[in-house]
Amino acid sequence: MQSQSSTVELQNLGRTGYVCLYKTTFPLPPAWTSFEDLSKLNQQALGSGSADILKAIQTFSTTPNPSMNADQFQALILAMVMQESGGNGNVVMDKQKSHGILQVQLKNEQPATCDPSGCTYDNYLKMLQQGVYGHTGTGSPAPPGIAYWLGQNSTGPALRAYNSGSVIDRFDYQKVNHDGQGRPTSTESYVSDVGNRLAGISPEKFPDKGWLSHICGYQPVPPEVGS
């Protein structure tokens, strides 16, 4: 199990704004906002499906990592939903490869989708199962599910692996792979972004990619590379 070599106190982040996290800095689970409080904070931003999404997240009561309890695991899933899709079950990104509210890229089964008339609880639950466990069936967590990565890593590197497919550098969670033209192929700020959401930054205060690039130095993924 990889230990989190450094942490940062971020409980007041919702009032003070985004904190740029670098190297191995990531808040430890006791510093995270509770699932209940994160739900209240993000409910409006999640839109019409908020009740079903939050209800579905609460079914994930078994944590894959001994460093966090069930409430913290559910808070992490919600923070990832906000980062990946904002709760939009119909969003498709990364050249049609990333699907659902956790924007998972699957190889062994079809991604869960919503009916054109709207998403149901069952739709959201299947999307979450695919993003958390890597599949909708029974059995052990598998890639690309976040539970699989949390079974081998602390939260920071697990998030990097979820976003990039592997941990590029265990001493720098912002390190990502680049294409032949030197452009990042995944989101440098991803670990920092989820950490800030866990700390309680409100959706309306969350900075856009341009701000993150200017203030924190994170290089954004060009549209032609990542979407």
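Half of what you see is tucked away: of the chain's 227 residues, 50% count as buried, meaning under 20% relative accessible area with a 1.4 Å probe and protein chains only, while exposed is over 50% and partly exposed lies in between. Please keep in mind that this is a predicted model, where local features need pLDDT of at least 70, side-chain atom pairs count only at pLDDT 80 or more, and totals for chains, interfaces and linings use all residues. Residues are numbered from 1 along each chain as its sequence is written, and side-chain values use heavy atoms, with hydrogens and water left out.

Now the fold. We have ten helices and two strands, taken as DSSP runs (H or I of at least four residues for helices, E of at least two for strands) and numbered from the N terminus. In sequence order the pattern is α-α-α-α-β-β-α-α-α-α-α-α.

On to the cysteines. How many disulfides does a search of the whole structure find? The search gives two, a disulfide being a pair of cysteine sulfur atoms within 2.5 Å.

One joins C20 and C216, with sulfur atoms 1.9 Å apart. This pair ties together distant parts of the chain, 196 residues apart: C20 sits in the loop between α1 (13-16) and α2 (35-46), and C216 in helix α9 (residues 209-216). The link is left-handed, at -65° about the S-S bond. C20 is partly exposed at 21% relative accessible area, whereas C216 is buried at 7%.

The other joins C114 and C119, with sulfurs 1.9 Å apart. That link is right-handed, at 100°, and C114 is buried at 12% relative accessibility.
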